[in-house]
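User: Please take a close look at the aromatic rings of this model and at what surrounds them. I would like one connected account with the cut-offs spelled out.

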Amino acid sequence: MAKLFSLFFLSASLSAVSSTTIAEIQGPAWQSPLVGQTVHNVTGTVTAKADNGFWIAGEKSSDVRVSSGLYVFSSSASVLSSVTVGDAISLSGRVTEFRSSSNPSYLFLTELSSPSNIVRLSSNNTVTPVVLGKDRSPPTRYLSALDVGADGFLSVPNNSSRIEKVNATLQPDRYGLDFWESLEGQLVTIPKPTVNGFQNNFGEFWVHGDWPVTGKNGRGGLTLHFGPDGIPDGNPEAVMIGSPLDGTKNPQPALGVGLSDITGVVTYQFGFYYVLPLTAPQVTSRPDATIPATTLTSSRGLFDICTITFGDYNVENLTPKSAHLPTIASHIVNYLKTPDIMFLQEIQDNSGATDDGTVSANLTLSTLSKAIYDISNVTYSFASIDPVDGQDGGQPGGNIRVAYFYRPEVLKLVKGTPGGSTDAVKVEGRWLAPKLNLNPARIDPLNAVWNATRKPLVAQWETKLGTNLFTVNLHLSSKGGSSSTQGDARPPVNSPVDVRTGQVASVAGFVDAIFDKNRNANVVIGGDFNEFIQTRSVYKSLTDTGMTDIDEAARIPAVERYSYVFDQNAQQLDHVLISPAIRRRRVEFEHIHVNTWSPTLSARISDHDPSVGRIRLC
């Protein structure tokens, strides 16, 4: 009997020695301390299943850095059929850190692969989810400790360190990525989610829940803004909602839509942290569908002789035959109230995406002008310069460019010879009376920083009083090739930030040339900068000239400064900068959210919102 007892005791001791907890697998850092090892007698309760694995929950750790959840990877039908949600199981497997070899900029996902020796210990168990906002709340300011620099996650240089290489101990109370990593594999509940924007191509979307947030705008989204310490706040408290695990379909999301509580598992995939819902949430509220028109209209009264209005709109690959052209015209008339001058971007040539050598956009512009006239009786003239075929980026064949619409009864181009595709503008004239050698013209079109992108269109205007205005309409290089805000590279890759910095410097050189002649010149720069104003290093050469963000001059609340919604943020890529002379006078500005407030993605006309300003030139 004593021998039998000793054998039993030895067996139990060996089992205890060889068992591994989920907390031990996860550890307090980014990567598992047991990576590459085969572990045994891992116990947990199955919380969710997918087509390629399942999640288990172990005993809660007293260390908030350590997750008590774990993903078990397997596409084996026999393995998947052997477990059911609610089963308490033990199993063996190999601890791995997974990242697709084709996506080296993603973070690793800790998982248990090649599961074996699965034993069902009991069934019909329940796991209490972590209620976010109650049990734990995400940080609201910073994404990562490695986002070093005055501009935080937008600092330059990018990709100066790697999370997985450093493999630091998590700081989930301070950094957003650390917070979500500390919950990797766990079952959580998001109470009262509010949608941050439209869905992506896979029906996934971002939300924040009923917990403290920063940057909340009037629509309910989270706006990229400067924090109280002057560092950009990228809203790490938001999280992506993936496809429901039970096969139900997520509802159509839009900015500010309220949803029922979401319970699901935290995972990392496609460059972001996700909560994968157990089942699809339901819509509980939708924001008011009314989109206010601008209040900044033109007036021709005696006391308004120095006042003009302007609009800015990226019209997204507009052609003469675009289905959205009538709606763009309606927006300009009914929401922007036919400003005196319009800065337009993404005007395509007359044949659109057909790559037939066409570069002229006169038909595109005249078709839009007629559509506006038909519903308003307002006649716009237009000014643009045709690019060299295939040299200005955008959709192949489309030859997108920037252009001006203007009301000739208010403004006229100062008499001069129009520039050509490769002609560079120069500032001539005398002291206090700068004049362009060509009008309209392009800034430094042969400079390499403008290769394969739109060249800025400058123009010199004159009012009926003889007051001059210089404008720059631009559309800088896109962010293609950038990495995820929740990726391995820190700060994230912001591609090609060096090119955009050079482009802004090129524009700043033109502005300086005007100010050398007349420091009190009226200058307005507007368009799609494809860059956040919070990336201060990009704008430094321009702000050093004295040009000022009109949002700041007009005192637009920081959380209401957005014209674009992408990932977790309401953000601003479209900007207007004004000269010191204009800033000294009364400045008004409004963002018109005809697109970011669309009830569905399919109803959106452009991915950018337009804006309207009213300024005084004398």
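How many aromatic pairs does the count come to?

Analyst: This is a predicted model, in which local features need pLDDT of at least 70 and side-chain atom pairs count only at pLDDT 80 or more, while totals for chains, interfaces and linings use all residues. Residues are numbered from 1 along each chain as its sequence is written, and side-chain values use heavy atoms, with hydrogens and water left out.

The count comes to 14 aromatic pairs, where rings of Phe, Tyr and Trp (for Trp, its six-membered ring) pair if their centres lie within 6.5 Å, and where planes under 30 degrees apart count as stacked, over 60 as edge-to-face and the rest as tilted. One of these pairs is formed by Tyr 404 and Trp 461, which meet edge-to-face with 5.5 Å from centre to centre and 85 degrees between the planes. Tyr 404 belongs to strand E21 (residues 401–406) and Trp 461 to strand E26 (residues 457–463), so this pair ties together parts that are 57 residues apart in sequence; helices (H or I, at least four residues) and strands (E, at least two) are DSSP runs, numbered from the N terminus. Both Tyr 404 and Trp 461 are buried, a term for under 20% relative accessible area, with exposed meaning over 50% and partly exposed in between (1.4 Å probe, protein chains only).

The pair of Phe 529 and Tyr 539 has ring centres 5.7 Å apart and planes at 40 degrees, so it is tilted. Phe 529 lies in the loop between strand E29 (523–528) and helix H9 (536–543), whereas Tyr 539 lies in helix H9, and the pair links distant parts of the chain, 10 residues apart. Phe 529 and Tyr 539 are likewise buried.

Tyr 404 and Trp 461 also belong to one aromatic cluster, which they form with Phe 310, Phe 343, Tyr 406 and Phe 589.

Charged side chains also meet aromatic rings here: Arg 219 lies over the face of Trp 597, at 4.2 Å from the ring centre, and the charged end of Lys 479 sits over the ring of Phe 532, 4.5 Å from its centre. A charge sits over a ring if NZ of Lys or CZ of Arg is within 6 Å of the ring centre and within 35 degrees of the ring normal.
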